[in-house]
Amino acid sequence: LKSRIQMLLSAQSLWRRIATGYATIEEKTRLINSMSQQIEYDLRNEQELTEKVGDLRRQVKDREYSLTISKSQNVVQLRADLSEGTACSVCGSTHHPFHSDTMLEQSKLISDMRSEFETMSLELSGKKNQLHQLHDKLTKSMGQLVAEQQNLEIVRLRQSEDVKEWGVYSTLDATFQECLPSTDAEARTAMIRQYS
């Protein structure tokens with residue numbers, strides 16, 4: 001009887017570890033799945049943001065080029081000679097969106113182009129910063145995910161050993177044969193206490 005009581009006390013301790021192990025495995029699995037979904041979402045966002053930054057970078061370069069060219073005295077003179085419907089002597093276009101008749105209009109046009117360039121440059125800077133922050137977040141999240149996966153593997157190995165050890169106590173009662181995650185942990189704990 002004394003030996004049986006001692007065995008039941010040992011079984012109670014082991015069962016507590018097993019029940020906690022199953023709960024921990026379930027909790028860590030949920031956490032890993034949630035982290036994986038968030039990482040996938042952030043990766044899609046990073047890809048979209050990278051494309052936006054690339055497009056914006058090209059647009060800023062185009063605007064910078066147009067602004068630089070617009071400041072050239074030769075271009076200012078050529079622009080003054082343009083009239084809608086007449087072919088441009090440089091490109092042959094008959095439509096002239098940047099045409100202006102006076103120096104004042106040309107100065108305003110260049111000022112507008114500079115303002116547009118600066119606005120786009122600020123937007124690009126903001127998007128690049130946002131992309132950098134998202135990349136840092138992803139790097140950190142991926143590191144945490146790997147750590148959680150390793151922890152889960154350790155818990156599963158320990159759980160496997162505890163379940164094998166439970167075989168020693170399975171002979172104490174016919175209901176003790178089963179040692180699965182679906183086993184009612186509280187009912188089994190109460191039964192072990194009742195026997196001891």
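These points cover the fold, an aromatic cluster and the last helix of a predicted model.

1. Overall make-up. The chain contains four helices and zero strands, and its order along the sequence is α-α-α-α. Of its 196 residues, 29% are buried. About 13,300 Å² of the chain is exposed, and carbon and sulfur atoms supply 53% of that area.

2. Contact range. Among contacts with a separation of 6 or more, 70% are between residues 24 or more positions apart. The pair in point 3 gives one example of parts brought together across the sequence: Trp15 and Trp166 belong to parts 151 residues apart.

3. Trp15 and Trp166. The chain has three aromatic pairs. In one of them, the ring centres of Trp15 and Trp166 are 5.4 Å apart with the planes at 50°; the pair is therefore tilted, since that class covers angles that are neither under 30 degrees nor over 60. Trp15 is in helix H1 (residues 2–71) and Trp166 is in helix H3 (residues 103–166), so this pair ties together two parts of the chain that are 151 residues apart in sequence. Both Trp15 and Trp166 are buried.

4. Extension of the cluster. Trp166 also pairs with Tyr169, again in a tilted arrangement, with 5.8 Å from centre to centre and 45° between the planes. The relative accessible area of Trp166 is 1%, and that of Tyr169 is 9%. Both values are under 20%, so both residues count as buried. Together with Phe176, the residues Trp15, Trp166 and Tyr169 make up one aromatic cluster.

5. A charge over the cluster. Which ring lies under the charged end of Arg188? The ring is that of Trp15, and the charged end of Arg188 is 4.6 Å from its centre. Arg188 is itself one of the buried residues of helix H4 (residues 185–195).

6. The two sides of H4. The buried residues of H4 are Arg188, Thr189 and Ile192. They cover an arc of only 100° around the axis and therefore lie on the same side of H4. This fits the general geometry: an α-helix has 3.6 residues a turn, so residues three or four places apart point the same way. The face of H4 turned away from the buried side carries the exposed residues Glu186, Arg193 and Gln194.

7. The start of H4. Here a side-chain oxygen of Asp184 comes to within 3.3 Å of the backbone nitrogen of Glu186. Glu186 is also among the exposed residues on the face turned away from the buried side of H4.

Note on methods: Residues numbered from 1 in each chain as written. Predicted model: local features only at pLDDT ≥ 70, side-chain atom pairs only at ≥ 80, totals over all residues. Heavy atoms only, no water. Buried < 20%, exposed > 50% of the residue type's maximum accessible area, 1.4 Å probe, protein only. Contact = heavy atoms within 4.5 Å. Areas by Shrake-Rupley, 256 points an atom, 1.4 Å probe, with all protein chains shown as cover. Phe/Tyr/Trp six-rings, centres within 6.5 Å; stacked < 30°, edge-to-face > 60°. Lys NZ or Arg CZ within 6 Å of the ring centre and 35° of its normal. Arc of directions from axis to C-beta. Polar contact = N/O pair within 3.5 Å; in protein donor to acceptor, adjacent residues only side chain to side chain.
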